[in-house]
Amino acid sequence: MDGLVPGAGDFRGSARAEPCWRCAARQAGPAPAQVSVEKEISIGGCAHARPVDGGLCRIAGPYTAGGKPRRDPPRSGLRAVTGPDLRGEPRNPFAGNRTGLSPVTQPGLTPAGETAIRTRVDTCLRAIDAVNGALNAFTSVLALRARARADALDHQTAAGATTGSLTGVCFGVKALFDVAGEVTLAGARLRETHAPAPRDAFAIRRLEAAGGVLVGSLNMDEFASGFTTENTHYGPTRNPHDPARTAGGSSGGSAAAVAGGMVPLALATDTNGSIRVPAAACGVFGLKPTFGRLSRAGTVLFAESLDHVGPIARDLDMLEAAYDALQGTDPDDPAQLPPPPDPVENAAPLRAALAAGAFFDRCDPAASKGAERAAQALGAARRLDLPGIDAGWSAATVITLVEGSEAHLDELRHAPDAFDPMTRDRFLAGALVPAPAYLAAQRARRLWQSRALHAAADIDVLITPGLPFAPPPLSCDALLLNGETVDPRSMLGLFTQPFSCIGWPAMMVPLVGGSGLPRAVQLVARPWQERQLFRAARQLVAAGVAAAHVVT
């Protein structure tokens, strides 16, 4: 059963039968907060929609796979992986409110006790129904599950049960997280005939243990390979601040759902910047924790030694509450590392530095000015050179290509035309990389990590621009950057990729001001120092430099 979560099986033979989404909706009357019927039909299962974990629809009949399921790409929990050694523009036509720390009324987030959780969930589902058609952030909406969960939480609250830090908060998840009874698509048509997930991913279980309510799955680049969420199979996700532009990727659906006011919180993954790039493009907060900090069990991995799980949120309080809830030891993810003790936050002044060199040679003036403004607000008088970073960029590219393609060699041989063409070409390129080149990339990775640790030994936070330029238009193949024509798809992760390669924690913080399109700054810390990122981000919000851009 290589490629499957231990214990996962083919659930088509299970005895339990529940109505599929569409059949249940027919019984209940008008369908609430649904995505398009065409998308529901395409997901497989019974004749109408996705199967539940029993694999049957008691109305429409048995699930038919339509062919032998192909081998799953690896999920965390398979084997130990060799990751980084961490132990030692135009005006915005949709301008809305901007939030930093101050709570505002959003779907799924109302002060505890003020509104029944069921009412909040219904409000969230109506928001999705109203907004998602324009943005294409959600690929499935789990209205029945969300309402049942809300009713259970209301019952627990009425009985006097202790509530969690996320009680009643609606959240969505990138479509590569396992959701019990649903096929984990990972943005790929190739997976539509796979068996439904037997249980929720570890991260979903953690958020629900804190009181969260899952409302659906979110669009992404196929198999998380890309920075623009222009998915050939399920359509592009559009930026809430300008629907003609990209929402970033590969977790574009997660960021667009938050920035579009549909949910206040979303789960995402980050290989080379797939949390931070869309967070920057959509003007919200995104955190990539230290490699090994959070469990990836129950996710479809892209590159095993690079993938991280993390939250995207509409304010820092929500981001930190989600980050705290996501922590916990999980034996199903062998890449998870035991963190060192988390000390009480230091009262000493924050030691911040502004990145130098290549970071400012490869971005537009607005990106440079944003980073400099953040540095001034944090009192960062020092500029820090990072020797070895060019090797880090190259190493990350090679490692991503090789590890990304390894999971899909069977499909590349037998069903190459089922891939998005750009994804297929990347995977084919990775399959042709010789072993010596991969080993050389791993050596370069270790060298870059060692040099970065030495260079940043006496600082708490490093400041870099967020993206090299504003979110580009959809389908954009070339743009001018400082007089040079560049490929925006390959450039969007320029400032995020080197720190994923060595597993350092990083946060994308949206900035106030600009031309109407979101701009952001990236904060980076040494391994296990996530609290320093929150500390710096809160200083930026308090100084009036940073705030989320949420369309209402």
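Cys170 has a relative accessibility of 0% and therefore counts as buried in this predicted model. The closest cysteine sulfur to that of Cys170 belongs to Cys124, and because the two sulfur atoms are 3.8 Å apart, they are too far from each other for a bond. A disulfide is a covalent bond between the sulfur atoms of two cysteines, and the cut-off applied here for such a pair is a separation within 2.5 Å. Another cysteine, Cys282, is likewise buried, with a relative accessible area of 0%. In the structure as a whole, the number of disulfides is zero.

Cys124 leads us to helix 3, which runs over residues 117-135 and includes Cys124 among its buried residues. The helix is made of 19 residues, and the distance from its first C-alpha to its last is 26 Å, close to the 27 Å expected at 1.5 Å a residue. Helix 3 nevertheless has a bend of about 30 degrees, which is found at Asp129. Other buried residues of this helix include Ile117, Val121, Leu125, Ile128 and Leu135, and the list also holds Arg120, Asp122 and Asn132. After the helix comes Asn136, where phi is positive, near 60 degrees.

A second helix to follow is helix 17, which covers residues 530-542. Its 13 residues should span 18 Å at 1.5 Å a residue, and since its end C-alpha atoms are 19 Å apart, the two values agree. Among the buried residues of helix 17 are Leu533, Phe534, Ala536, Ala537, Leu540 and Val541, together with Glu530, Gln532 and Arg535. What do these buried residues pack against? Their partners are two helices, helix 8 (316-326) and helix 10 (365-377), as well as strand 12 (285-288), strand 16 (461-465), strand 19 (506-510) and strand 20 (520-524). Just after helix 17, Gly544 has a positive phi of about 75 degrees.

We can now turn to the aromatic rings, which form nine pairs in the structure. In one of these, Phe223 and Phe419 are tilted, with 6.1 Å from centre to centre and 50 degrees between the planes. This pair links distant parts of the chain, 196 residues apart, for Phe223 lies in the loop between strand 6 (213-218) and strand 7 (230-231), whereas Phe419 lies in the loop between helix 12 (409-414) and helix 13 (421-431). Phe223 is buried, because its relative accessible area is 4%, and Phe419 is buried with a relative accessible area of 2%.

Another aromatic pair, that of Phe359 and Phe499, is stacked, with 6.2 Å between the centres and 15 degrees between the planes. Here too the pair links distant parts of the chain, with Phe359 in helix 9 (residues 358-361) and Phe499 in helix 16 (residues 497-501), 140 residues apart. Both Phe359 and Phe499 are buried. These two residues also belong to a cluster in which ring pairs link them with Trp393, Trp448 and Phe495.

Finally, the confidence of the prediction deserves attention. The protein chain has an average pLDDT of 83, and 78% of the residues score at least 70. Over residues 1-81, however, pLDDT stays under 50, and for this stretch the model has 183 contacts beyond four places in sequence. The pLDDT is also below 50 over residues 87-114, a stretch that has 76 contacts in the model beyond near neighbours in sequence.

Note on methods: Residues numbered from 1 in each chain as written. Predicted model: local features only at pLDDT ≥ 70, side-chain atom pairs only at ≥ 80, totals over all residues. Heavy atoms only, no water. Helix = DSSP H or I, 4+ residues; strand = E, 2+ residues; numbered from the N terminus. Expected span 1.5 Å × (residues − 1). Bend = angle between axes of the 7 residues up to and from the residue. Buried < 20%, exposed > 50% of the residue type's maximum accessible area, 1.4 Å probe, protein only. pLDDT = per-residue confidence, 0-100. Contact = heavy atoms within 4.5 Å. Phe/Tyr/Trp six-rings, centres within 6.5 Å; stacked < 30°, edge-to-face > 60°.
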